[in-house]
2 protein chains.
Amino acid sequence: MGILERRIRQKENMRTTILAVALQQVKDEGWQSLSIRKIADAIEYSVPVIYDHFENKEAILFELSLDGFRLLERSLEKNKKKYPDPTERLKAHAETYWNFAFKNPEYYQLMYGLGMPCCGAGKMKPEFNSFRKYIGEAIEGIVKNKKSDDSETCFKIYAFWSVLHGLISIVMMRCSDIDDSTMNKKVMDDTVEAFIKNL
Amino acid sequence: MGILERRIRQKENMRTTILAVALQQVKDEGWQSLSIRKIADAIEYSVPVIYDHFENKEAILFELSLDGFRLLERSLEKNKKKYPDPTERLKAHAETYWNFAFKNPEYYQLMYGLGMPCCGAGKMKPEFNSFRKYIGEAIEGIVKNKKSDDSETCFKIYAFWSVLHGLISIVMMRCSDIDDSTMNKKVMDDTVEAFIKNL
DNA sequence: AGTTTTACCTAACGGCGTTAGCAAAGGTAG
DNA sequence: CTACCTTTGCTAACGCCGTTAGGTAAAACT
């Protein structure tokens with residue numbers, strides 16, 4: 001008797017629909033605007049039905065971010081086949097990663113917990129300038145003897161800043177699997193060292 | 001007559017108190033738990049009083065993150081005086097930046113909009129592993145001819161990942177002041193290139 | 001047929017940000 | 001001292017939110 005199977009299928013369907021509707025809502029209005037009530041509205045069921053399929057709102061976001069990881073993984077897998085040369089492959093990985101982030105910003109934000117409802121996303125630019133200035137001055141001081149170029153320096157400031165911020169936010173969000181905090185610091189010291197050597 | 005001045009002073013005081021109490025709440029229970037009502041409770045005034053001093057909740061968070069920037073700036077300023085040698089100064093900047101982030105995580109999260117209520121801060125570790133695997137394999141492929149060390153590779157994976165994620169999240173959060181998106185991509189390509197050269 | 005399980009809903013709880021409208025206190029001028 | 005105005009602060013509400021208790025009607029099973 002296929003009744004049970006149909007039931008399971010329907011349940012699975014509902015679950016998928018909820019996730020799809022949720023993702024659409026995040027895409028349309030940002031993850032902050034996502035609400036259980038709006039999802040219920042979109043799937044034309046009452047609110048408690050959602051809770052038959054997900055423990056709570058966070059579980060929905062969690063599942064969505066898993067989808068994000070799977071999507072990214074599939075893209076990286078392709079590079080493995082397409083680029084046998086490891087250098088080319090690493091470059092392709094970077095490209096893939098970058099493209100994934102900007103083609104699916106809602107996924108990327110979900111995966112890394114980006115996007116607090118403060119700091120107004122952009123209103124802060126001037127505040128970052130003083131920081132950039134300090135880094136820029138030091139870099140120009142080091143690089144003076146070589147041929148110095150303005151846009152070059154700008155690039156290097158960004159690179160430096162990115163390494164710092166990237167490491168910090170990965171550790172802070174507990175994505176790092178290095179448990180020793182001094183180890184994490186050492187990764188930063190090493191990377192900064194390498195960065196300077198490469199100036 | 002100092003009445004007006006006293007009033008201004010009192011108003012200023014109230015404002016400062018609100019910010020202090022808000023920061024404490026963020027420190028105690030995370031920024032997600034911060035609420036106007038709890039602030040009002042803590043300062044022993046009714047809720048609408050808050051709105052005499054701040055336009056809305058976001059304005060409070062914004063002001064707090066400005067405090068964060070000022071704090072960071074002051075620390076960097078000290079390095080300028082203490083380390084005349086630019087290389088030493090740049091290293092000190094990195095150190096300062098790192099320390100600031102982990103001594104004041106609530107500030108850092110505010111400044112960069114970190115910390116969505118999903119992805120469960122840490123629950124995701126396994127999900128990142130596949131990504132690390134792909135990067136790691138490519139790096140080991142490149143570095144094979146030289147002396148290869150396990151922990152070395154691990155470090156390099158983190159460094160690579162950090163550069164990518166750092167750049168992406170800075171651009172995504174619109175902290176970048178480069179408006180041309182192809183420029184941002186070029187910064188990444190350059191940095192990846194430099195990273196590979198340095199392997 | 002009656003009985004149990006499932007699907008689904010209404011209605012509520014307690015919390016949130018925000019605002020309208022009112023009362024009291026503080027200060028000013030006659 | 002009185003009349004007035006401004007500031008200060010409150011209560012109460014609006015419309016959201018996530019989550020859950022409890023009930024009803026249909027579906028499936030015996």
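How many residues surround DNA strand C, and which are the closest? The points below take up this question and then turn to the contact between the chains.

1. Basis of the note. This is a predicted model, in which local features need pLDDT of at least 70 and side-chain atom pairs count only at pLDDT 80 or more, while totals for chains, interfaces and linings use all residues. Residues are numbered from 1 along each chain as its sequence is written, and chains are lettered from A and ligands numbered from 1 in the order in which they are written.

2. Surroundings of DNA strand C. The strand is surrounded by 18 residues, of which A:Ser46, B:Ser35, B:Ile36, B:Asn56 and B:Lys57 are the closest; a residue is near a strand if its C-beta atom, placed from the backbone, lies within 6 Å of it. Two or more residues of this surface come from each of helix H1 (3-29) and helix H3 (47-53) of chain A, and from each of helix H2 (36-42) and helix H3 (47-53) of chain B; helices are DSSP runs of H or I with at least four residues, numbered from the N terminus. By class, the surface has 10 nonpolar, three polar and five charged residues, where Ala, Val, Leu, Ile, Met, Phe, Trp, Tyr, Cys and Pro count as nonpolar, Asp, Glu, Lys and Arg as charged, and the others, Gly among them, as polar.

3. Annotated spans in chain A. An unreviewed UniProt entry annotates residues 35-54 of chain A as "DNA-binding region", and this span is 75% helix and 0% strand, with its end C-alpha atoms 13 Å apart. The annotation "domain: HTH tetR-type", likewise from an unreviewed UniProt entry, covers residues 12-72 of chain A, over which the chain is 80% helix and 0% strand. Such annotations may be inferred rather than shown by experiment.

4. Contact between the protein chains. In chain A, 76 residues are in contact with 76 residues of chain B, contact meaning that the C-beta atoms, placed from the backbone, lie within 7 Å. H8(A) gives the largest share of the side of chain A that touches chain B, 14 residues, and by class that side has 49 nonpolar, 16 polar and 11 charged residues.

5. Helix H5 of chain A. The buried residues of H5(A) are A:Arg89, A:Leu90, A:His93, A:Ala94, A:Tyr97, A:Phe100 and A:Ala101; a residue is buried if 20 or more other C-beta atoms lie within 10 Å of its own, exposed if 12 or fewer, and partly exposed in between. Seen down the helix axis, these residues fall within an arc of 145°, so they line one face of H5(A), the arc being that of the directions from the axis to the C-beta atoms. The face turned away from the buried side carries the exposed residues A:Asn99 and A:Lys103, and what covers the buried residues includes H4 and H6 of chain A together with H7, H8 and H9 of chain B.

6. Helix H9 of chain B. Here B:Asn184, B:Val187, B:Met188, B:Thr191, B:Val192 and B:Phe195 are buried and fall within an arc of 125°, so they line one face of the helix. On the other side of H9(B), B:Thr182, B:Glu193 and B:Lys197 are exposed.

7. A residue of helix H7 of chain B. B:Ile135 lies in helix H7 (residues 125-143) of chain B and counts as buried because it has 23 C-beta neighbours inside 10 Å. Not counting residues up to four places away in sequence, B:Ile135 touches A:His93, B:Ile157, B:Phe160 and B:Trp161.

How values were computed
Two residues are in contact if their C-beta atoms, placed from the backbone, lie within 7 Å.
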